[in-house]
Amino acid sequence: MRVYSMFNGELVKAVQRHRKRVTCVAFPEWSPQYRCMTGSDDRQIILWNLMDPVYVRESPVLMAIQHGLKPNAILCRSVGTYQSAPHFAVADTSNSVSAYSFR
């Protein structure tokens, strides 16, 4: 993951976590600013904290899921009321879509 400044184009942070190429990225609407999810040929889905100073000093990886198949797309949506648990869906190389909930 490489984060660049939109103001001057300089590299702000670079972190290597995926072991193979990244195939998809999503920005969860249910998550605070500066968070994104990536999927990779290594079959992992990672939730990143890109700019929070606490996580910049420590690990920017908030969560990693071993999905089992290569993710091709990630969709992040809030479902139901504000109090509902956030969800995301993953389209992969199978003939179905996997849904995850933070419950």
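**Exercises on the cysteines and the cores**

Cys76 is buried (under 20% relative accessible area, 1.4 Å probe, protein chains only), its relative accessible area being 6%. The model is predicted, so local features need pLDDT of at least 70 and side-chain atom pairs count only at pLDDT 80 or more, while totals for chains, interfaces and linings use all residues. Residues are numbered from 1 along each chain as its sequence is written, and side-chain values use heavy atoms, with hydrogens and water left out.

**Exercise 1.** Determine how many disulfides (pairs of cysteine sulfur atoms within 2.5 Å) the whole structure holds, and explain why Cys24 and Cys76 form no bond.

*Solution.*
- Step 1. A search of the whole structure gives zero disulfides.
- Step 2. For Cys24, the closest cysteine sulfur is that of Cys76, at 9.5 Å, and this is too far for a bond.
- Step 3. For Cys76, the closest cysteine sulfur belongs to Cys36; the two sulfurs are 9.4 Å apart, again too far for a bond.
- Step 4. Burial can now be added: Cys24 has a relative accessible area of 9% and is buried, and Cys76, at 6%, is buried as well.

**Exercise 2.** Identify the residues that make up the largest nonpolar core (buried Ala, Val, Leu, Ile, Met, Phe, Trp, Tyr and Cys residues joined through side-chain atoms within 4.5 Å), and state which strands each supply at least two of them.

*Solution.*
- Step 1. The core has 12 residues in all. Its cysteines are Cys24 and Cys76.
- Step 2. The other members are Ala26, Trp30, Met37, Ile45, Leu47, Met63, Ile65, Ile74, Phe88 and Val90.
- Step 3. At least two residues of this core come from each of the strands (DSSP E runs of at least two residues, numbered from the N terminus) β3 (22-26), β5 (44-49), β6 (61-66), β7 (71-77) and β8 (87-92).
- Step 4. Another core, of six residues, lies apart from the largest one; Val3, Cys36, Ile46 and Leu50 are among its members.

**Exercise 3.** List the residues that Met37 touches (heavy atoms within 4.5 Å), leaving aside those up to four places away in sequence.

*Solution.*
- Step 1. Begin with the lower-numbered partners of Met37, namely Cys24, Val25, Ala26, Pro28 and Trp30.
- Step 2. Continue with Ile45, Ile46 and Leu47, which Met37 also touches.
- Step 3. Complete the list with Met63, Ile74, Cys76 and Phe88.
- Step 4. Compare with the cores: Met37 is itself a member of the largest nonpolar core, whereas its partner Ile46 belongs to the core of six residues.

Terms used. Buried < 20%, exposed > 50% of the residue type's maximum accessible area, 1.4 Å probe, protein only. Helix = DSSP H or I, 4+ residues; strand = E, 2+ residues; numbered from the N terminus. Disulfide = S-S within 2.5 Å.
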